[in-house]
Amino acid sequence: MLFPRYCYDPGRDLLLYIHVPKTAGQSLVAQVREALREGPKSDRRAGIRHLTNHENEMLEAAPARAARQLAQARAYRKYEDQQGLRRRLGLPNSSIRTARFAYGHIGLYQVDLRGRSALPIVVLRDPVARIVSQFRYEGEKYRKGRGKTPDARRNLAAEGDLRGYVEAWIEAAASQNINHQCLYLAEEGTFEAAKRVVDEQIWIAGVTENYGRFVEVLSGATGLALGAPQRKNVGPKSDVVEDLPAQLRTKLEDLISEDLRLHAYVAREFERVSK
């Protein structure tokens, strides 16, 4: 972790937040946005940019929405082809030069900063609690009249079937790496690769279990008046994992062992550097 060896310079550095889903991200973005906007300024005028990965856009079930998203993704890819920027995600060239804070659900290795100096930050969460929180979030979201989706796992969440939802995660592990927190930091998706990124590239990495202290450290290091931690997009019982049968949890933990190791490592490192 580069903190506290590297000091933040608001005139030089872009604060880059790698937002792993269900890790208090909307809460953190709300706090930084409030500190940077200083009143009625728009995000763009305040230097705030939202990064999106158009190549991996998830299409919703509603045909109109899906068609619209697909058209947007194709248009963006056409623009990338024309510019020769196949790995550019989310920001037009001119935008990144004036940004003060950028965030989004994209991997650190997917962001082309066009030469900008950036200080990446990330917050991780107990991997089992994160999956259970994702289950409750998707269940709440897709129960609200959206009907069936092409994603079987989301349908199980909408039906309130936690066992089936976790079993779907386990089944997915046969064909893909489900250590998503490692994947957000390193394309290899392993603990060792993600650990190297944390050690060599990440400015501040924290965990949701010590989120209040993370906000304090970030506020002190950046000079931003972040205030008390906010709670956004928090569902009921979002951190409770007792509903998950022990045998199923053990099987899941075996498959997300890389994420478990990364979360434990970051928790220890943050405790050490934040004293």
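Here are three short exercises on the structure above, each with a worked solution.

Before you start, note that this is a predicted model, where local features need pLDDT of at least 70, side-chain atom pairs count only at pLDDT 80 or more, and totals for chains, interfaces and linings use all residues. Residues are numbered from 1 along each chain as its sequence is written, and side-chain values use heavy atoms, with hydrogens and water left out.

**Exercise 1. Work out how helices α8 and α11 pack.**

Step 1: Get the geometry. The axes of α8 (residues 191-200) and α11 (residues 257-273) come within 9 Å and cross at roughly 25°. Axes here are lines fitted to C-alpha atoms, for helices over the stretch in contact, and angles run from 0 to 180 degrees between N-to-C directions.

Step 2: Name the arrangement. That angle makes α8 roughly parallel to α11 (angles under 35 degrees count as roughly parallel, over 145 as roughly antiparallel, 65 to 115 as roughly perpendicular and the rest as oblique).

Step 3: Find who touches whom. On the α8 side you'll find Phe191, Glu192, Ala194, Lys195, Val198 and Asp199, which meet Glu258, Arg261, Leu262, Tyr265 and Val266 of α11; contact means heavy atoms within 4.5 Å.

Step 4: Sort them by class. The contact of α8 with α11 has six nonpolar, no polar and five charged residues. Ala, Val, Leu, Ile, Met, Phe, Trp, Tyr, Cys and Pro count as nonpolar, Asp, Glu, Lys and Arg as charged, and the others, Gly among them, as polar.

**Exercise 2. Now do it again for α4 and α6.**

Step 1: Helix α4 (residues 127-142) packs on helix α6 (residues 162-172) at an angle of about 120°, and their axes are 11 Å apart.

Step 2: α4 and α6 are therefore oblique to each other.

Step 3: From α4, Arg130, Ile131, Gln134, Phe135 and Glu138 meet Leu162, Tyr165 and Trp169 in α6. The contact of α4 with α6 divides into five nonpolar, one polar and two charged residues.

**Exercise 3. Place strand β5 in the chain.**

Step 1: Look at its partner. Strand β4 (residues 117-124) pairs with β5 in the parallel sense over four bridges; two strands pair if DSSP finds at least two bridges between them. Ile121 has Ile204 in β5 as its bridge partner.

Step 2: Check the two faces. In β5 (residues 204-207), Ile204 and Gly206 point one way, Ala205 and Val207 point the other way, and all are buried (under 20% relative accessible area, with a 1.4 Å probe and protein chains only).

Step 3: Zoom out. Of the chain's 275 residues, 50% count as buried.

Methods:
Helices (H or I, at least four residues) and strands (E, at least two) are DSSP runs, numbered from the N terminus.
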